[in-house]
Amino acid sequence: MIIRGARWFDSEKMQFHEGQQIWIEDGIIKNIGKGFDKPGREVIDLQRMLVLPGWIDAHLHLTLTGEADPISQWQQDGVVITAIKAVTYLKKHLQAGVTVLRDLGGDCDIVLELKKAQKAGLVEGPEIYTSGKALTMTGGHIYQISKEVDGPDIARKGAREELKKGVDLLKVIATGGILTQGVKPGSPQLNEDEIRAIVEEAHKAKRRVSAHVEGKEGIMNALRAGVDTLEHGIGLDLEAVEMIKNKSVVLIPTLAAPRLILRHREELPIEMVKKAEEVVEEHKHSFALAYKKGCKIAVGTDAGTPFNHHGKYYIELAEMLADGMKIEEVLQVASLNGAVALGIDDRCGNIEVGKIANLTIIDDCLDDREWYRNVRMVMYYGKLIRII
């Protein structure tokens, strides 16, 4: 297949190119240049389109519904209904321009089976990476859908049990959070030695570790223990930011999640709303500091949390733009930086010879205030899917 007529974006150099063709063969970008449209080759003319590296959602929850109380809904739905819903969410993410996603907690067994089904072509959707169950302290944040571990030895065993299931990474809960009743967002939870035991097991198995962090003490515990990505990153200061940069940790801020709670405050428990109010300004400050100081940032929607519905990737992009990022920067964090966060930037994240042909194709109208909503086509491993 030859793509011609469109502008395309280099996410590494943050540059736009035009007047070139993209030659795709066996799901891989074979060449970029001119003169590839010869007899026998399928040519796709994409005049007035912009071809982007496929978007990556580095933080979501496929088995949570995005309703007001998603955890209770998951408990009520049961395995079959949850799986059916997750299949529909997968398709929504693909249609929103997402070609790779990272599931960070929920019904581990369902997501692992869904990953197999997607890989076999039985269901349509982005490529799935999953942490399985998050590892939290007894009674810790999202304990209902997590594995409770206490002490380094039990934490190590919990890590090994999740790795045994075949997960792609592990997730630790280093602080409290907004969703769990009776838990304060900034309070430290798993200790540094517990997190370190989990990190050691993951890294031995060549797996990464993600850390839920909404407070300075938990952030520092997670960073000193050697995690690879920080989720939310509420409570950053200069010390934490410098450590993030020095350790090449990727920050996934999930800006929209608490803001959506506040936009639906009338429909949610008072405790949840108050906690969101407590953190939202600090969240904004932490993101601004990390951005200003040059931390590597990736896009994660946290889809599945209250009123944070699947297939609305553009909301997170809109929040990043509103908080000061330039369009080219947002396009980079949505693709290349997401690939770095997942450890797959050697094979995707950019339009580059030898990389997978995962592409997000939008109207070439970046002057449009809501350009990020105009996804027209998605290419997944060289297969073109027309949205409109």
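M14 is partly exposed in this predicted model, with a relative accessible area of 32%, a value that falls between the limits of under 20% for buried and over 50% for exposed residues. The residue sits in the loop between β2 (7–10) and β3, and its backbone has a positive phi of about 55° although M14 is not a glycine. H232 likewise is not a glycine and has a positive phi, in this case of about 80°. H232, however, belongs to strand β15 (residues 229–232) and, at 6% relative accessibility, counts as buried. A further positive phi, near 50°, is taken by Y381 in the hairpin of β19 and β20, where 2 residues stand between the strands.

**The open sheet**

Two of the strands just named, β2 and β3, occur together with β19 and β20 in an open sheet of 6 strands, whose order is β3-β2-β7-β18-β19-β20 and whose pairing is mixed. The edges are formed by β3 (15–17) and β20 (383–386), each of which pairs on one side only. Neighbouring strands of the sheet are turned against each other by 25° on average, when direction is ignored. In general, strands of a sheet pair through backbone hydrogen bonds, and they may do so in a parallel or an antiparallel way. Strand β18 (residues 359–363) pairs with strand β19 (residues 375–380) in the antiparallel sense, over 4 bridges, and within this pair I361 has M377 of β19 as its bridge partner. On the way to the edge of the sheet, β19 is joined to β20 by 4 bridges, again with the strands running antiparallel; here M379 is matched with L384 in β20.

**Helix α7**

How many of the 8 residues of helix α7 are buried? The count is 7, so the helix, which spans residues 256–263, is largely enclosed by the rest of the structure. The buried positions are A256, A257, P258, R259, L260, I261 and L262. As for the elements that surround them, the buried residues of α7 pack against α8 (270–292) and α9 (313–322).

**Cavities**

A search of the whole structure finds 3 cavities of 30 Å³ or more, and the two for which details are given here are set side by side below.

| Cavity | Volume | Nonpolar lining | Polar lining | Charged lining |
|---|---|---|---|---|
| Largest | about 230 Å³ | 11 residues | 9 residues | 3 residues |
| Second largest | about 50 Å³ | 4 residues | 5 residues | 2 residues |

The largest cavity has a volume of about 230 Å³, and of the 23 residues that line this space, L179, E214, H232, D302 and T305 are the closest to its centre. H232, the buried strand residue with the positive phi of about 80°, is therefore also one of the residues closest to the centre of the largest cavity. Which element contributes the largest share of this lining? The answer is α7, with 3 residues, and this is the helix that is largely enclosed by the rest of the structure.

The second largest cavity, with a volume of about 50 Å³, is lined by D57, H93, A96, V98, T301, A303, N308, H309, G311, K312 and Y313. By class, these residues divide into 4 nonpolar, 5 polar and 2 charged.

Terms used: Residues are numbered from 1 along each chain as its sequence is written. This is a predicted model: local features need pLDDT of at least 70, side-chain atom pairs count only at pLDDT 80 or more; totals for chains, interfaces and linings use all residues. Side-chain values use heavy atoms; hydrogens and water are left out. Buried means under 20% relative accessible area, exposed over 50%, partly exposed in between (1.4 Å probe, protein chains only). Contact means heavy atoms within 4.5 Å. On a 1 Å grid over the protein atoms alone, a cavity is a set of points where a 1.4 Å probe fits but cannot get out, and a pocket is an open set with protein on both sides within 12 Å along at least five of seven lines; lining residues have an atom within 4 Å of a point. Grid points are joined across faces, edges and corners, and a volume is the space filled by probe spheres set on the points. Ala, Val, Leu, Ile, Met, Phe, Trp, Tyr, Cys and Pro count as nonpolar, Asp, Glu, Lys and Arg as charged, and the others, Gly among them, as polar. Two strands pair if DSSP finds at least two bridges between them. Axes are lines fitted to C-alpha atoms, for helices over the stretch in contact, and angles run from 0 to 180 degrees between N-to-C directions.
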